[in-house]
Amino acid sequence: MAILVEPLEGAELDRLITALLNATGAVHQVVGRGIAAGGEGVEVIGRSAERLRAILAVVAEHHGDEELRVITEFLAIATLLIAEEEGFAAAFRPDDDDRDDPDDLHADWV
């Protein structure tokens, strides 16, 4: 079964962006339901992570760790690039980050 991602014609980057927006929207719904159920902060994140793990376990059944590692790395890189460009990269840096320029995205991030 092929999954169609729009736009059907054009650059693969555009389909990647559509898929990323769809995925983040779906995760937003999961988190939103946790909040609506009365959860807060770390509790909601923990429950959301458990729910997503249960939902995505089927992916791990059909794809090995190496395939998942590539996807994870891509998502991490995309997250850091977006955060850097939009000005909230500090949220992803450890508190003890001793880099010279805390606003600089370093090559070792990606």
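Student: In this predicted model, how many residues apart are Arg47 and Glu43 in helix H2?

Tutor: Both residues sit in helix H2, which covers residues 41–62. Their spacing comes to about one turn of the helix. Counted along the chain, that puts Arg47 and Glu43 at a separation of 4 residues.

Student: And what N to O distance goes with the salt bridge of Arg47 and Glu43?

Tutor: The cut-off for a salt bridge here is a nitrogen within 4 Å of a carboxyl oxygen. Arg47 is partly exposed at 36% relative accessibility, and Glu43 is partly exposed too, at 45%. Their side chains meet with an N to O distance of 2.5 Å.

Student: Is Arg15 buried or exposed?

Tutor: Start with its salt-bridge partner, Glu12, whose closest O atom is 3.0 Å from the N of Arg15. The two are 3 residues apart in helix H1 (residues 12–36), so about one helical turn lies between them. Glu12 is exposed, with a relative accessible area of 55%. Buried means under 20%, so Arg15, at 15%, counts as buried.

Student: Which residue meets Glu84 in a salt bridge?

Tutor: Glu84 itself is partly exposed, at 24% relative accessibility. Its partner is an arginine whose side chain meets that of Glu84 at 3.4 Å, N to O. That partner counts as buried, at 9% relative accessibility. The residue is Arg93.

Student: So how many salt bridges does the structure hold?

Tutor: We've been through Arg47 with Glu43, Arg15 with Glu12, and Glu84 with Arg93. These are among the salt bridges in the structure, and the total is 4.

Key. Residues are numbered from 1 along each chain as its sequence is written. This is a predicted model: local features need pLDDT of at least 70, side-chain atom pairs count only at pLDDT 80 or more; totals for chains, interfaces and linings use all residues. Side-chain values use heavy atoms; hydrogens and water are left out. Buried means under 20% relative accessible area, exposed over 50%, partly exposed in between (1.4 Å probe, protein chains only).
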